[in-house]
Amino acid sequence: MDFAAFKRAVGESFGLVLEGYKERQLKRRIDSLMQSLKVEDYRRYYTLLLSDPEQRRRFLDRITINVSEFFRNPEIFQILETEILPRLLAANRRLRIWSAACANGAEPYSLAILCAEQNPGGGHQIEATDIDEGALAAARRGVYRKEVLQHVSPARLARFFTEQDGNYEVREELRRVVSFRHHDLLKDPYGRNYDLIVCRNVAIYFTREIQEELYRRFFAALRPGGVLFIGATETILQYQQFGFEKIGTWFYRRPAGEKG
Ligand SMILES: C[S@@+](CC[C@H](N)C(=O)[O-])C[C@H]1O[C@@H](n2cnc3c(N)ncnc32)[C@H](O)[C@@H]1O
């Protein structure tokens with residue numbers, strides 16, 4: 001079985017669209033995992049994945065890379081806080097936000113903190129999705145080690161978290177506005193009418209064609225005037241082609257005034 005056949009077999013058995021991921025990166029990660037298990041060919045590894053749930057979990061962990069932290073790239077979150085969110089709130093006091101590929105939940109809870117500060121009791125809704133059930137379980141638990149909170153100020157820590165044996169648990173005020181669900185960006189339908197879509201540090205793993213498909217679908221999922229917020233190392237080169245206007249290095253807007 002070659003790598004292409006392995007991807008197809010895994011795709012069919014576990015419902016993953018591995019063709020959408022950049023081939024070299026993906027192969028490197030899978031090969032090193034196989035090496036660590038001393039499994040030399042793809043057919044044996046595929047058989048192992050079929051029979052062993054723990055290996056399936058490790059495999060998924062390896063391809064998803066679900067690290068995250070609160071206010072990742074704080075200087076960029078600062079732009080969201082001081083420039084982007086106030087404009088969105090001026091147009092709509094009850095924001096609908098989608099944190100796509102939310103990993104352990106640090107990202108959607110960071111968004112919930114900003115919403116709580118700028119419009120307390122505003123009835124915002126933050127939908128947070130990811131392909132990885134393990135990451136979603138951690139996100140629902142909402143308990144974090146101090147390292148993940150390094151960019152959370154002491155005032156925010158005191159207001160939005162409860163300390164528990166050296167870890168920090170998010171308070172009800174944040175939990176109330178964030179809902180988590182499983183969603184595969186490569187095959188599941190997207191919602192509609194979001195004011196803000198945050199999709200950071202996942203598109204980098206996808207092929208160019210799939211990235212373009214994602215941006216097209218994000219555009220359709222935003223309401224006119226809505227904004228897409230992407231990762232620090234990402235850029236959408238042909239943003240006009242998808243209909244976006246660029247309003248900042250990491251922020252792209254669906255023009256206001258057109259029909260949703
Ligand atoms: C590096 S984390 C990014 C987390 C967060 N957005 C941030 O920037 O800190 C990448 C996340 O993408 C998720 N992911 C990978 N492939 C995905 C897919 N096809 N659909 C949805 N999520 C996916 C992974 O499970 C992982 O949690």
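This passage looks at how the two domains of the chain meet and then at the setting of one arginine. The model is a predicted one.

The domain assignment splits the protein chain into domain 1, covering 3-64, and domain 2, covering 74-253. Their C-alpha centres sit 29 Å apart. Twelve residues from domain 1 and eleven residues from domain 2 make up the contact. Putting the two together buries about 1000 Å², with carbon and sulfur atoms giving 57% of that area. On the domain 1 side, a short stretch does much of the work: Gly20, Tyr21 and Lys22 supply 42% of the area that domain 1 buries against domain 2, more than any other three residues.

As for polar links, four residue pairs are in polar contact between domain 1 and domain 2, while the count of salt bridges across this interface is zero. Helix 2 (23-37) and helix 4 (53-64) each bring at least two residues to the side of domain 1 that touches domain 2, and helix 4 has the largest share, with three residues. By type, that side of domain 1 divides into four nonpolar, four polar and four charged residues.

Over in helix 8 (residues 154-160) sits arginine 156. Its relative accessibility is 13%, so arginine 156 counts as buried, the cut-off being under 20%. The side chain of arginine 156 makes a polar contact of 3.3 Å with the side chain of glutamate 81. Leaving aside residues up to four places away in sequence, arginine 156 touches Phe71, Ile113, Leu114 and Phe161, along with Glu81 and Glu117.

Notes
Residues numbered from 1 in each chain as written. Predicted model: local features only at pLDDT ≥ 70, side-chain atom pairs only at ≥ 80, totals over all residues. Heavy atoms only, no water. Helix = DSSP H or I, 4+ residues; strand = E, 2+ residues; numbered from the N terminus. Buried < 20%, exposed > 50% of the residue type's maximum accessible area, 1.4 Å probe, protein only. Polar contact = N/O pair within 3.5 Å; in protein donor to acceptor, adjacent residues only side chain to side chain. Contact = heavy atoms within 4.5 Å. Domains from an automatic or database assignment. Buried area = accessible area lost by both parts, 1.4 Å probe. Salt bridge = Lys/Arg side-chain N within 4 Å of Asp/Glu carboxyl O. Nonpolar A, V, L, I, M, F, W, Y, C, P; charged D, E, K, R; others polar.
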